[in-house]
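Hi everyone, thanks for coming. Please have a look at the sequence and the picture with me, and we will go through them together.

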Amino acid sequence: MRYITVLDYESGRVHQYNISVDMKTSYEKYKHWSPQSEVCEEYLTDKGHNLSNCEWMAHNNNHIIKE
């Protein structure tokens with residue numbers, strides 16, 4: 001999985017993070033990335049998201065379908 005997409009109800013925005021980039025650069029503690037929920041939730045909390053006010057998913061494709 002390379003991306004995490006977040007629907008943040010507090011900001012009213014959709015955020016998408018390229019975790020493969022963060023794994024290589026800014027987040028030393030995520031160098032050994034695991035797609036487990038606890039790791040993803042810690043990552044999102046570090047990014048400033050309130051987990052009780054957002055939905056998220058990890059996935060491989062960054063394409064967003066707009067219809």
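Let me start with a question: does Ala58 count as buried, partly exposed or exposed? Ala58 has 22% relative accessibility, so it counts as partly exposed. Here, buried means under 20% relative accessible area, exposed means over 50%, and partly exposed is in between, with a 1.4 Å probe and protein chains only.

A word on where this comes from: the model is predicted, so local features need pLDDT of at least 70 and side-chain atom pairs count only at pLDDT 80 or more, while totals for chains, interfaces and linings use all residues. Residues are numbered from 1 along each chain as its sequence is written, and side-chain values use heavy atoms, with hydrogens and water left out.

Now the overall layout. The protein has two helices and three strands, and along the sequence they come in the order β-β-α-α-β. Helices (H or I, at least four residues) and strands (E, at least two) are DSSP runs, numbered from the N terminus. Of the 67 residues, 28% count as buried. The protein exposes about 4,900 Å², and carbon and sulfur atoms supply 47% of that. These accessible areas come from the Shrake-Rupley method with a 1.4 Å probe, and for residues only the protein chains shown count as cover.

Back to Ala58, which sits in strand β3. Its C-alpha atom is 5.6 Å from that of Tyr3, although the two are 55 residues apart along the chain. Tyr3 has another partner to look at: Val21 is 18 residues away in sequence, and the C-alpha atoms are 9.5 Å apart. Val21 belongs to helix α1, residues 19–24, and is partly exposed, with a relative accessible area of 43%.

Let's go inside. Which residues make up the largest nonpolar core? There are eight: Ile4, Val6, Tyr17, Ile19, Cys40, Tyr43, Leu44 and Cys54. The elements giving two or more residues to this core are β1 and α2, and α2 gives the most, with three. A nonpolar core is a set of buried Ala, Val, Leu, Ile, Met, Phe, Trp, Tyr and Cys residues joined through side-chain atoms within 4.5 Å. In soluble globular proteins, nonpolar side chains tend to be buried together.

Next, please find His49, in the loop between α2 (37–46) and β3 (54–59). His49 counts as buried because its relative accessibility is 7%. What does the side chain of His49 make a polar contact with? The partner is the side chain of Asp8, at 2.7 Å. A polar contact is a pair of N or O atoms within 3.5 Å; within protein, one must be able to donate a hydrogen and the other to accept it, and residues adjacent in sequence count only if both atoms are side-chain atoms. Leaving aside neighbours within four places in sequence, His49 is in contact (heavy atoms within 4.5 Å) with Val6, Asp8, His15, Tyr17, Leu44 and Cys54.

His15 is on that list, so to speak our last stop. His15 lies in strand β2, and its side chain joins that of Ser11 in a polar contact of 3.3 Å. His15 and Thr5 are ten residues apart in sequence, with 5.7 Å between their C-alpha atoms.

That's my tour, thank you for listening!
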